[in-house]
There are 2 protein chains.
Amino acid sequence: MVQKPAPDSTRRSEKSRRAIYDAALALVGEVGYTKTTIEGIAARAGVGKQTIYRWWPSKAEVLLEAFLDLSEQFAEAAAPEEQAEYGIPDTGDLAADLKNVLRLTVDELLDPRFEAPSRALTAEGVVNEQFGAQVIARLLEPQLQLYVRRLEAAQETGEVRPDIDPRIALELFVAPLAQRWIQRTGPITYAYTDTLVDYALGGLAPR
Amino acid sequence: MVQKPAPDSTRRSEKSRRAIYDAALALVGEVGYTKTTIEGIAARAGVGKQTIYRWWPSKAEVLLEAFLDLSEQFAEAAAPEEQAEYGIPDTGDLAADLKNVLRLTVDELLDPRFEAPSRALTAEGVVNEQFGAQVIARLLEPQLQLYVRRLEAAQETGEVRPDIDPRIALELFVAPLAQRWIQRTGPITYAYTDTLVDYALGGLAPR
DNA sequence: TTGACGAGACGGTGCGTATCGTTTCGCGTA
DNA sequence: TACGCGAAACGATACGCACCGTCTCGTCAA
């Protein structure tokens, strides 16, 4: 394996990096993932394309970092400064807490700034296993862990049966919403996610 | 809108059509969706590429028809001849019936002949709304309708609460399995799908 | 002084279209 | 039923174009 001499990241141009992020996100939104090209990103960012190839291996990775950066900006705007809030709030009412987080997710899924890049990253991950693992690890898994913790807390208070696997339980809420979004197989609304929580906690069979 | 003179489908070469399906499926399996090209499919099929462009608008549509054709072959092999069986069996035990169908779905998801093309079609649909609608309508929706019918039958026998929306209820089984497969976020086993059915029917909260 | 930078040249590949003969098939006639 | 004609699909391949990923300039900033 021949390794390129690693570029010196201390000398990296922050301005170019930001311009590349902006250009990548804009292009994916405007012309779609398939039609955005590295040459196009470079031209739009006012950057030599070698600068992109120096720091990223593919357009998918450019977009992933651009998206992570965008997400960070939004997170800081929502929960300002260092006192960022982590975890799903625990008011003692599991159903209400879950409905609240899912409503936030609905908002995000409907935000046009997120739509195109999210779809691009998802699509690339479906077909490219290595990249998919990265998307899961850096984007999705941290979110899922929040559900696991909240459900474990609910098991201690008796709101969820102790024999339930939280890792599977969370999928009953999250996966249907994800599928509706991915496959466009139904409307994405608060009413829908509220219903999901009710069905999953209460079960489909009569009590 | 200028419309090309539509080709005469009665004169279409059946041999070329089959060769193109085979080549497309083989290439997607061997080199991946991104790297399969129309020129590659044509060369492998021993066909002029104009023959592909004459009948299909994109490589995604070629693959969709190839996959539908493949699915038909399998369906005929499983339920031979004209007496094809439709619908989810109704033994009166909803949980058992659902577990059985989901096990069949697990088998299909793990079949290497299906994996690569399914992922390709899914990925393309995520990013290309028009194409996604086609995949849903021709591939997914017919399957989902079977669940709706079986759940409605279960409502009549009292196995499912009458106020439940079957369209949403089915997502509690199907979507988690789909997400695990799409995102590779956990193992796909009979034990897993069995658990999904138990959780969804019984609910997460104590009874 | 050194290495990232913007710019752009380079050969290579696949795109989608156009245009070769060639082959196949439907249809009218013997 | 057998034959022959014409039209259209066929395999092959050339075309211009866009983008790929690499390489090499001269410039500029740390």
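In the predicted model, A:Leu204 is located in the segment that follows α9 of chain A. The residue is buried, because its relative accessible area is 0%, whereas the cut-off for burial is under 20%. Apart from neighbours within four places in sequence, A:Leu204 is in contact with A:Tyr199 of its own chain. The remaining partners of A:Leu204 belong to chain B and are B:Val160, B:Arg161, B:Ile164, B:Ala169, B:Leu172, B:Phe173, B:Ala200 and B:Leu201. Within chain A, a C-alpha to C-alpha distance of 17 Å separates A:Leu204 from A:Ala175, and the two residues are 29 positions apart in sequence.

A:Leu204 is also a member of the largest nonpolar core, which contains 71 residues. The members that touch the most others are A:Tyr147, A:Phe173 and A:Leu204, together with B:Tyr147, B:Phe173 and B:Leu204. In soluble globular proteins, nonpolar side chains tend to be buried together. For B:Tyr147, the contacts beyond four places in sequence are with B:Ile88, B:Leu98, B:Val101, B:Leu102, B:Thr105, B:Leu170 and B:Val174.

Chain A as a whole was examined next. Chain A contains 9 helices and 0 strands, and its pattern along the sequence reads α-α-α-α-α-α-α-α-α. Along the principal axes, the C-alpha atoms of chain A occupy a box of roughly 65 × 40 × 35 Å. Of the 207 residues in chain A, 47% are buried. Among contacts in chain A with a separation of 6 or more, 64% involve residues 24 or more positions apart. The accessible surface of chain A amounts to about 10,900 Å², and carbon and sulfur atoms contribute 53% of this area. As for charge, chain A carries 23 positive and 31 negative side chains, with the centres of the two sets 8 Å apart.

Helix α7 of chain A spans residues 129–156 and includes A:Gln155. A polar atom of the A:Gln155 side chain lies 3.5 Å from the backbone oxygen of A:Pro162. A:Pro162 is also one of the residues in contact with A:Gln155 when neighbours within four places in sequence are set aside. The other contacts of A:Gln155 are A:Val160, A:Arg161, A:Ile164 and A:Pro166.

Helix α8 of chain B includes B:Pro176. This proline counts as buried because its relative accessibility is 0%. Beyond four places in sequence, B:Pro176 touches residues of both chains: A:Glu171, A:Leu172 and A:Ala175 in chain A, and B:Glu171, B:Tyr192 and B:Leu196 in chain B. B:Pro176 and B:Thr193 are separated by 17 residues in sequence and by 8.9 Å in space, C-alpha to C-alpha.

The backbone at position 184 was considered in each chain. In chain A, A:Arg184 occupies the loop between α8 (166–183) and α9 (190–202). A:Arg184 is not a glycine, yet its phi is positive, at about 50°. Its relative accessibility is 27%, and A:Arg184 is therefore classed as partly exposed, a category that lies between the limits of 20% and 50%. In chain B, B:Arg184 is situated in the loop between α8 (166–183) and α9 (190–202). B:Arg184 likewise has a positive phi of about 50° without being a glycine. With a relative accessibility of 27%, B:Arg184 is partly exposed.

Notes:
Residues numbered from 1 in each chain as written. Chains lettered and ligands numbered in written order. Predicted model: local features only at pLDDT ≥ 70, side-chain atom pairs only at ≥ 80, totals over all residues. Heavy atoms only, no water. Core = buried A, V, L, I, M, F, W, Y, C linked by side-chain atoms within 4.5 Å. Buried < 20%, exposed > 50% of the residue type's maximum accessible area, 1.4 Å probe, protein only. Contact = heavy atoms within 4.5 Å. Helix = DSSP H or I, 4+ residues; strand = E, 2+ residues; numbered from the N terminus. Polar contact = N/O pair within 3.5 Å; in protein donor to acceptor, adjacent residues only side chain to side chain. Areas by Shrake-Rupley, 256 points an atom, 1.4 Å probe, with all protein chains shown as cover. Lys, Arg positive; Asp, Glu negative; His and termini not counted. Charge placed at Lys NZ, Arg CZ, Asp CG, Glu CD.
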